[in-house]
Amino acid sequence: MIYPNLPIKQVNKVIIGADYNEEIYKNLQNLGVEPIFTTKSTNVRQGIQNHADLVLCPLTTDEFLVTKEQKLLKNKLISLGYNALTIDEDLSQDYPNDVFLNCVIIGKHIFYNPKTVSAKIHDFIRNNDLIEVSVRQGYTKCSIAPVSIDSFITDDISIGSRGAEFGFDVLVINKGDIRLQNFDYGFIGGATGKIAEDKMVITGKAENLSDCDKIKSFLFKYDVELIELTNGAVEDIGSIFPLI
């Protein structure tokens, strides 16, 4: 079975935020992957206004939730044959009103903070018998880089512990090495994305991360190649979502 965030074949499109390092987009195109851009969300704080993981949530391989201002993205997804629904809540600068869609489905599990997500997320959980992994972190997708249906990388110790409780193989890495504009640091989930079963892209040079060797060893265990999209700092750009 194919799940969101975890492509089997190489994808030819990803959803990604705009206005970051042009090398990211050029090197995705060199890999045969077309970037589809989200619309800038001026409702949230500067530094994260182009973050796709605040305005989009893949529910299945063909169904997405988006925020109200993502009309162009919604129409684009529909034109490509996907189903896209708009949530009722309005994004705003104050947490938790910026994380209505910041959760992640890995296989049959959903990692999320039940107090902060959109009502439509709760509806989807009820209607699809997902296994709920509740966490305290509202920036859940930012904090998780899915590797396989039963493994992921995170820089949040509490999320790592919860994943282990549910049988996931988890690599917990040091926090603070990833750049995020206007913030002290970013997160591993926001700097990565799978583009094939055996390929994960990362926004910068992995060697700039103190746990680079651990990350590469963990990915090697799952036959996943880490592809660097730039030679610069690893930057949290709000996740890179494969269109499967």
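**View 1. Strands β9 and β10 pair up as a hairpin in this predicted model.** Here β9 (residues 144–148) runs antiparallel to β10, and four bridges hold the pairing on record between them. Just two residues sit between the two strands of the hairpin. For a landmark, look for P146, which stands opposite F152 in β10.

**View 2. Strand β10 has side chains pointing both ways, and they're all buried.** The strand covers residues 151–154. S151 and I153 point one way, while F152 and T154 go the other way. Whichever way they point, all four residues named here are buried.

**View 3. On to β11, which pairs with β10 in the parallel sense.** Strand β11 takes in residues 169–172, and four bridges join it to β10. This time F152 stands opposite V170; in the pairing with β9, F152 has P146 opposite. Follow the chain from β10 through helix α6 (residues 157–165) to β11 and you've traced a right-handed β-α-β unit.

**View 4. D156 is a buried acid without a salt bridge.** You'll find D156 in the loop between β10 and α6. The nearest side chain of opposite charge belongs to K175, 4.3 Å away; the cut-off for a salt bridge is 4 Å, so this pair doesn't count as one. What the side chain of D156 does reach is the backbone nitrogen of I159, at 2.9 Å.

**View 5. Aromatic rings: a cluster and a tilted pair.** F152 turns up again here, linked with F111 and F168 into a cluster by ring pairs. The count of aromatic pairs comes to eight. One of them is F218 with Y222, a tilted pair at 5.5 Å centre to centre with 55 degrees between the planes. F218 counts as buried because its relative accessibility is 6%. Y222, at 25% relative accessibility, counts as partly exposed.

**View 6. D62 and L243 come together from distant parts of the chain.** D62 is in the loop between β3 (56–58) and β4 (63–66). Its relative accessibility is 42%, so D62 counts as partly exposed. Along the chain, D62 and L243 are 181 residues apart, yet 8.3 Å separates their C-alpha atoms.

Note on methods: Residues numbered from 1 in each chain as written. Predicted model: local features only at pLDDT ≥ 70, side-chain atom pairs only at ≥ 80, totals over all residues. Heavy atoms only, no water. Buried < 20%, exposed > 50% of the residue type's maximum accessible area, 1.4 Å probe, protein only. Pairing = 2+ DSSP bridges. Right-handed = clockwise from strand over helix to strand, strands pointing away. Phe/Tyr/Trp six-rings, centres within 6.5 Å; stacked < 30°, edge-to-face > 60°. Lys, Arg positive; Asp, Glu negative; His and termini not counted. Polar contact = N/O pair within 3.5 Å; in protein donor to acceptor, adjacent residues only side chain to side chain.
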